[in-house]
Structures are given as structure tokens and as C-alpha cells.
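Student: I would like to take a close look at the empty spaces inside this protein and at the residues around them. Could you please take me through that part, and then through the annotated sites and the cysteines?

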Amino acid sequence: MASHIVGYPRMGPKRELKFALESFWDGKSTAEDLQKVSADLRANIWKQMSEAGTKYIPSNTFAHYDQVLDTTAMLGAVPPRYGYTSGEIGLDVYFSMARGNASVPAMEMTKWFDTNYHYIVPELGPDVKFSYASHKAVNEYKEAKALGVDTVPVLVGPVSYLLLSKAAKGVEKSFDLLSLLPKILPVYKEVITELKAAGATWIQLDEPVLVMDLEGHKLQAFTGAYAELESTLSGLNVLVETYFADIPAEAYKTLTSLKGVTAFGFDLVRGTKTLDLVKAGFPEGKYLFAGVVDGRNIWANDFAASLSTLEALEGVVGKDKLVVSTSCSLLHTAVDLVNETKLDDEIKSWLAFAAQKIVEVNALAKALAGQKDEALFSANAAALASRRSSPRVTNEGVQKAAAALKGSDHRRATNVSARLDAQQKKLNLPILPTTTIGSFPQTVELRRVRREYKAKKVSEEDYVKAMKEEIKKVVDLQEELDIDVLVHGEPERNDMVEYFGEQLSGFAFTANGWVQSYGSRCVKPPVIYGDVSRPKAMTVFWSAMAQSMTSRPMKGMLTGPVTILNWSFVRNDQPRHETCYQIALAIKDEVEDLEKGGINVIQIDEAALREGLPLRKSEHAFYLDWAVHSFRITNCGVQDTTQIHTHMCYSHFNDIIHSIIDMDADVITIENSRSDEKLLSVFREGVKYGAGIGPGVYDIHSPRIPSSEEIADRVNKMLAVLEQNILWVNPDCGLKTRKYTEVKPALKNMVDAAKLIRSQLASAK
């Protein structure tokens with residue numbers, strides 16, 4: 001019976017690692033304390049897998065920050081600014097790379113493929129001196145062995161490591177990262193040799209970039225690299241693991257003919273087409289690690305369907321060469337359903353978190369080996385049947401409304417320039433109007449009131465009174481600062497997705513369903529289990545209250561359908577776009593109710609639109625089409641005089657600029673303060689943009705307070721490429737995480753800068 005887990009969450013069932021890390025960073029505990037918590041977490045994970053009967057148990061998938069950063073440490077590829085010279089890399093250098101320190105900034109962080117996890121991007125160039133500088137992989141293998149568990153050490157493969165890196169500052173952008181292969185392979189050889197000496201019999205090399213669109217020379221790099229490693233790998237069983245998508249036919253050919261490799265791992269949940277490649281030809285005598293249990297969602301596996309896939313594969317590769325596995329590391333799912341005391345039994349029976357997925361993998365492996373647990377299989381079938389037939393899942397009215405969307409592309413009746421004219425007559429804004437993105441600082445006191453209201457310790461009346469006072473404070477502050485379009489500050493909201501999910505039907509919430517986003521930061525995605533609808537207005541009460549406090553325009557604040565979708569665990573029993581259209585219809589109801597309630601400016605945030613972009617270019621057009629369409633559905637019914645804003649985080653904006661224009665918002669504000677130049681280059685290259693646009697004029701992620709001169713200088717740079725009648729002036733993101741002592745002077749300087757430039761433009765006329 002052969003079962004395998006690609007990787008496991010590190011945070012712990014109750015976020016133990018998060019708290020240990022933050023305590024260490026705050027100087028409240030020692031490195032020994034942190035190492036003890038880490039060792040206990042690892043021991044529990046190995047024990048859990050071993051007791052479930054797992055044959056191939058991973059080690060070295062634990063990390064204090066990130067597995068790519070662990071690889072950078074292993075290779076000694078520390079950027080010079082951290083002052084590392086030689087020797088074993090300690091926590092100080094490691095965390096400086098991840099988080100920066102008092103004197104130097106952190107390394108860049110970016111999304112890991114199309115997940116919500118982020119990795120630390122290696123900074124490489126021709127002068128990097130590589131050396132074997134972190135023995136973590138070997139140490140963790142030995143640590144597990146001492147506990148009586150023989151593991152499969154996992155390394156990020158050499159080619160993926162280089163292709164996930166970037167050229168360091170000062171290195172030519174055209175520098176070929178793959179030219180560093182001959183320099184890093186000697187370190188990989190040292191690590192592999194040590195693992196062999198320590199007793200390892202299997203090793204796993206993760207090469208997920210194989211699922212991307214790779215040019216021929218990149219595929220050749222795999223062939224060359226593994227040929228170079230072949231003699232070092234001999235005597236070991238070597239698994240090359242891929243995940244997150246179908247593997248292209250050319251890459252499949254390259255992968256399955258690599259020298260020195262005994263086993264290949266595939267994601268058969270997101271990569272269903274890979275099955276056809278395997279059936280058409282699989283190298284004789286090699287192992288197939290079949291990822292049939294979803295590592296990226298929280299739904300219980302369909303045992304009957306998985307078993308039939310596995311039986312078909314058995315016919316191709318042979319009984320003794322098939323291993324049951326997860327589709328990818330379980331890092332991307334919640335940890336353990338046992339800790340969910342608030343979820344009702346029906347919904348709970350439909351779910352499987354990481355701990356349950358270990359059980360699923362082993363149950364499937366046993367069934368393949370002829371030891372099927374009939375009770376477990378029939379319980380699984382019953383849970384799936386209950387999910388299919390539950391009235392909580394299906395809402396006829398929503399299904400009908402969503403089906404009726406097919407006929408139209410939901411555009412507003414008039415074009416954007418005519419709408420902007422109509423809005424200007426109504427709103428009467430100065431040129432370079434100022435606004436903020438939505439949230440204002442959330443004080444300790446504010447969070448306390450919200451928490452106590454949730455725990456029913458504070459009456460609704462007292463809660464509303466406290467929120468009203470907070471909103472009044474925020475409105476008065478903005479009037480005093482002379483901001484043009486105001487916000488209410490969102491004191492009543494905990495999170496931009498959870499706040500809406502809690503008021504929509506079809507959503508469920510976990511108590512401990514945390515997933516690592518980066519470092520110690522975790523998110524708790526809502527679970528979308530059924531058809532989505534909006535039983536009653538969600539934000540109108542607060543927005544209308546805020547508008548009644550001022551004669552200036554008050555912006556309504558909503559989260560867009562695509563962002564709600566991309567930041568949730570989404571149902572897997574219908575296509576994602578159908579769920580997205582349902583959310584869009586619910587937000588559409590809210591937009592129209594805000595308009596009726598006297599709100600003339602409504603912002604619909606799509607921070608995560610770019611995040612959902614599929615890994616393969618061939619799938620981009622379809623995704624962008626339904627994502628942008630979903631946004632348009634939310635606001636196609638408003639009057640010309642109602643101004644629709646959206647906010648997006650700058651994320652390789654330039655490649656989707658035409659889709660952004662197609663969203664047809666009246667005004668778009670953009671988080672770009674760290675990448676002005678990249679963003680503005682699109683407009684410099686002649687992309688015609690006629691709607692309002694507010695590229696963030698200062699970075700709210702830093703406590704630094706920019707001067708009015710600095711902000712004016714940025715606005716002038718923007719005016720060099722954008723028309724003055726469409727430019728807005730705003731920070732780049734919400735102010736929730738900042739302190740009022742930072743926010744007040746920064747906003748004052750921002751308004752002063754806008755006024756200065758207005759008077760310069762007026763006198764130039």
C-alpha cells in the first residue's frame with residue numbers, strides 16, 4: 001500500500017508557529033523557545049502521518065518563513081546588504097532577508113504561482129557566490145529519523161528555483177538566470193550526498209515551473225541539470241513533483257525522460273488533461289505519484305471517482321508503481337477540522353482539512369491494495385449525496401437569475417466620458433479631486449467594541465452608538481483636512497471579504513480555518529458552499545448615516561465579486577465563473593440600494609482580480625472575460641450621474657490593462673506607490689485611457705510620512721502622461737493598519753500638494 005503527502009501546513013492547528021514567531025520577533029522569547037515550538041510541530045506532523053499509515057512522509061517542508069527562502073539559505077545566496085560572509089546561516093540573517101531590519105530593507109515577496117501564498121524572491125546575478133550554508137534539510141531528516149520516522153526530504157528543484165528568482169538590483173534585466181545552473185548544482189550535490197549518508201532512500205525535488213508555458217531552452221535546462229546530477233542521485237529513488245495545473249505535452253516528454261529520476265508526481269485535480277498524457281505513454285518501470293486528493297480546497301474527496309481514476313492508472317503503470325498522493329502541498333488548505341466547534345454537522349460532513357486529507361489518501365491507498373474500509377467509503381458516499389441534494393446548496397431563484405445573464409454583456413447605457421460629465425455636474429469637484437481608499441485606522445478601543453458586540457456583551461444600541469461616534473470623528477477629520485470625496489472609515493468591518501460573506505447566504509465561516517499567506521501572516525477564507533444571495537441590505541445603513549453628516553459626496557464601499565471569490569474556498573460542484581456571477585448579482589442589489597439611499601459615489605474593490613489569472617496563457621482570455629463581466633454586472637443598472645469607482649492593487653497591471661479598461665469603471669484607484677514607473681509606462685506607451693484614474697501618491701504600508709513636495713512631485717510625474725481632468729489624488733490603499741499620528745499629517749500633505757498643483761495649473765492658464 002503506497003501513499004504520499006506532498007507537504008503539510010507549518011502554522012499548527014491553532015497557529016502555534018505564528019505566535020512563537022511574533023513573540024521571538026518582539027524580543028519576548030528566545031531562539032531556543034522558537035526552535036522548541038517548531039520541533040514539537042514537526043514531530044506531531046510526522047507522527048500523525050506515520051500513524052495514518054503514510055508510506056512516503058515528507059520532511060523539510062516545514063519553514064520558519066518560506067521554502068524558497070530556505071533554499072536561498074541552503075545555497076548561501078544572501079544579498080550583500082545583509083552583511084553575511086560565511087558559515088551556517090542563522091535566524092538573524094534569515095529573518096533579515098524575510099523582513100528587513102533597522103538598516104536594510106527586506107527582499108521582495110511575490111505570489112507563489114496562482115495561490116494566496118507568497119514566497120521571498122531570490123536576488124541573483126553573475127557575481128553571487130554560492131556555498132552550502134544551511135544544513136536544514138539534512139538536520140530535519142535526522143530529527144525525524146531519531147523519532148523513528150523515515151522521511152522523504154523535499155527540496156525546491158534547481159531549475160524551478162532559478163526560474164522563480166529575479167535579477168538583483170544593478171544586474172542587467174536581460175541576465176539569464178539559468179546560466180547559474182553550473183554554480184548551484186555543486187551545492188545540490190553536497191546536500192544530496194549528505195542526505196544519502198544520513199540514510200535517506202527517497203528524495204523529492206519540487207519542479208512546479210514545469211506546468212507553466214516554457215520555451216524550449218528552459219525545458220533543455222531540466223534535461224541538462226538532471227543529467228549533471230545523475231551520478232550523485234544514483235542509489236536514491238528520486239521523485240520530481242509538479243503541481244497546480246496540467247503539464248504541457250512537451251514538458252511531460254522532457255520530465256519523463258530526465259536522467260536519474262525514478263518517480264513523477266502530478267496534480268490530477270487541477271491537471272485533468274495530464275491523465276491523457278499518462279494513458280498515452282508512461283516510462284516503463286517508473287513510479288507515478290497520483291495527486292487525486294485536492295491540496296488547495298477544503299472539500300471531502302469523492303472516493304468513488306478517485307478510485308476509478310486510480311484503477312485506470314494502475315492499468316497503465318502497474319500495481320506496484322502507483323502511489324496515491326495529494327495534488328500539491330497541503331500548505332494551501334486549513335489544518336484540522338477537529339478544531340471546528342461552530343460549524344454544523346451537515347456542512348462539516350462535506351469538508352476535509354489537511355489532517356483529514358492524510359486519512360483520505362491512506363484510505364484510497366488501502367482500497368487500491370484490496371483492503372477497502374467499507375464503512376468509511378459508504379460514509380463518504382452519503383456525505384457527497386447529502387451535499388448534492390441539500391436545499392441549503394441550491395436556490396432555484398438564484399440559479400434562474402444567473403442563467404438569465406447569458407444574453408447580455410451588461411454595459412452601462414452611455415460611454416464613460418458622457419457619464420463623467422453628468423457626474424461632474426452633480427458632484428461639482430475641483431480638478432485633481434482628493435479621496436482615500438476606504439478604511440481609517442482601527443484603534444484598540446474600536447476592535448474591543450466590535451469583539452464585545454460579537455460576543456453579545458454589548459447591546460446593539462450601544463454598538464451602533466459607538467460606531468456612529470467613530471464615523472462622525474472620521475467625517476469631521478476629512479472635512480477639516482478638506483478632502484473632496486469622503487469615506488465613512490469602515491469601523492464596523494473586520495475584513496473586506498468576511499464582512500460581506502457573513503451577510504450573504506451560501507457562505508460558512510470557520511473558527512480555525514487559517515491558511516498561511518506569508519511569514520506569520522494567516523488568512524481565514526470563508527467557505528462558499530451554496531448558491532449565493534443577499535437576504536437584505538448590507539452597508540446602506542452605515543453609508544446613509546455617514547452621508548447625513550456631510551454635504552460632501554460620501555463613497556459607498558463594497559468588495560467586488562471576483563475578489564470575494566478569489567479570497568474564499570469556493571464550491572467545486574459548479575464552474576467558478578457561475579459562482580462569481582451569483583456573487584455579482586448579490587452585489588448588484590447592494591449597489592442599487594446604495595444609489596436609492598442617496599449615495600452618488602460607490603467604490604467596488606477588485607483587489608484580487610489579477611490574482612485569479614490562470615497559470616497558462618491559453619486560459620487567460622476566458623478568465624478575464626468572465627471576471628470583468630462579473631464586475632460590470634454589479635453596476636450596469638445605475639444612473640449616469642452615479643460614479644462607480646474601483647480599487648486595485650498594482651500587480652503586473654500592464655499585461656491586463658485592456659481588461660481593466662473593459663471593466664468600464666468611472667474612476668479607478670491603484671496601489672502603485674512602489675512601482676510608479678512601471679505603471680505609468682503603460683500610458684506613456686500610448687494606451688488611451690479616458691476614465692478617472694488615481695495612482696496612489698504615497699505608500700501606506702510604511703509608517704513614513706511623505707512631505708507635500710514629494711507628493712506634488714509624484715503628481716507632476718503623473719500629469720506628464722495623464723490628462724489633468726481625469727487624475728485623482730489618493731493614498732495607495734486603505735489606512736486601517738496605520739496610526740492616526742501617521743495618517744493625519746500624511747493626508748494633510750496630500751491635500752496641500754493637490755491644492756498647490758491646482759493653483760499652478762490655474763495660473764498657467
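Tutor: Let us begin with the enclosed spaces, bearing in mind that this is a predicted model. Four cavities of 30 Å³ or more are present in the structure. Rolling a probe the size of a water molecule over the atoms is how such empty space is revealed. In the largest cavity there is about 90 Å³ of space.

Which residues line the largest cavity? Its lining consists of Y8, P9, R10, R42, I45, W46, P58, S59, N60, T61, F62 and E140. Two elements, helix α2 (31-51) and strand β1 (57-59), each contribute at least two residues to that lining. The largest share belongs to α2, which provides three residues. Sorted by class, the lining of the largest cavity has six nonpolar residues, three polar residues and three charged residues.

We may now turn from cavities to an open space. The second largest pocket holds about 680 Å³ of space. Of the 38 residues that line this pocket, N60, F62, D70, K136 and E140 are the closest to its centre. Residues N60, F62 and E140 are also among those that line the largest cavity, so the reader may examine both spaces from these positions. The elements α2, α3 (67-74), α4 (91-99), α5 (136-146) and β5 (151-156) each supply at least two residues of the pocket's lining. By class, the lining of the second largest pocket divides into 17 nonpolar, 13 polar and eight charged residues.

One of these elements, α4, deserves separate attention. Because seven of its nine residues are buried, α4 is largely enclosed by the rest of the structure. The buried residues of α4 are L91, V93, Y94, F95, S96, M97 and A98. These buried residues pack against α1 (16-25), α2, α3 and β3 (118-120). After α4 comes G100, whose phi is positive, near 75°.

Next come the positions annotated in the record. Where does the UniProt annotation "binding site" fall? In an unreviewed entry, UniProt places this annotation on H658 and D662. H658 is found in helix α24, which covers residues 657-662, and D662 has its place in helix α24 as well. Are these two residues buried or exposed? H658 has a relative accessible area of 57%, so it is exposed. D662 has a relative accessibility of 29% and therefore counts as partly exposed. Leaving out residues up to four places away in sequence, D662 touches R411, V628 and R632.

UniProt, again in an unreviewed entry, lists H701 under "active site". H701 is found in the loop between β21 (692-695) and α26. Its relative accessible area is 41%, so H701 is partly exposed.

Helix α26 covers residues 708-719, and S708 belongs to it. With a relative accessible area of 19%, S708 is buried, because the limit for a buried residue is under 20%. Apart from neighbours within four places in sequence, S708 is in contact with N749, D752 and A753.

A further buried position is M648, in strand β19 (residues 643-649). The relative accessibility of M648 is 3%, so this residue counts as buried. M648 and N672 are 24 residues apart along the chain, and their C-alpha atoms are separated by 9.1 Å.

The cysteines remain to be considered. A disulfide is a covalent bond between the sulfur atoms of two cysteines. How many disulfides does the model contain? The count comes to zero. The case of C522 shows the reasoning. A disulfide here requires a pair of cysteine sulfur atoms within 2.5 Å. The cysteine sulfur closest to that of C522 is in C328, at 17 Å, which is too far for a bond. C522 itself is buried, with a relative accessibility of 8%. C733 is likewise buried, at a relative accessible area of 14%.

How values were computed:
Residues are numbered from 1 along each chain as its sequence is written. This is a predicted model: local features need pLDDT of at least 70, side-chain atom pairs count only at pLDDT 80 or more; totals for chains, interfaces and linings use all residues. Side-chain values use heavy atoms; hydrogens and water are left out. UniProt positions are given in the numbering used here, feature names are shortened, and annotations may be inferred rather than shown by experiment. Helices (H or I, at least four residues) and strands (E, at least two) are DSSP runs, numbered from the N terminus. Buried means under 20% relative accessible area, exposed over 50%, partly exposed in between (1.4 Å probe, protein chains only). Contact means heavy atoms within 4.5 Å. On a 1 Å grid over the protein atoms alone, a cavity is a set of points where a 1.4 Å probe fits but cannot get out, and a pocket is an open set with protein on both sides within 12 Å along at least five of seven lines; lining residues have an atom within 4 Å of a point. Grid points are joined across faces, edges and corners, and a volume is the space filled by probe spheres set on the points. Ala, Val, Leu, Ile, Met, Phe, Trp, Tyr, Cys and Pro count as nonpolar, Asp, Glu, Lys and Arg as charged, and the others, Gly among them, as polar.
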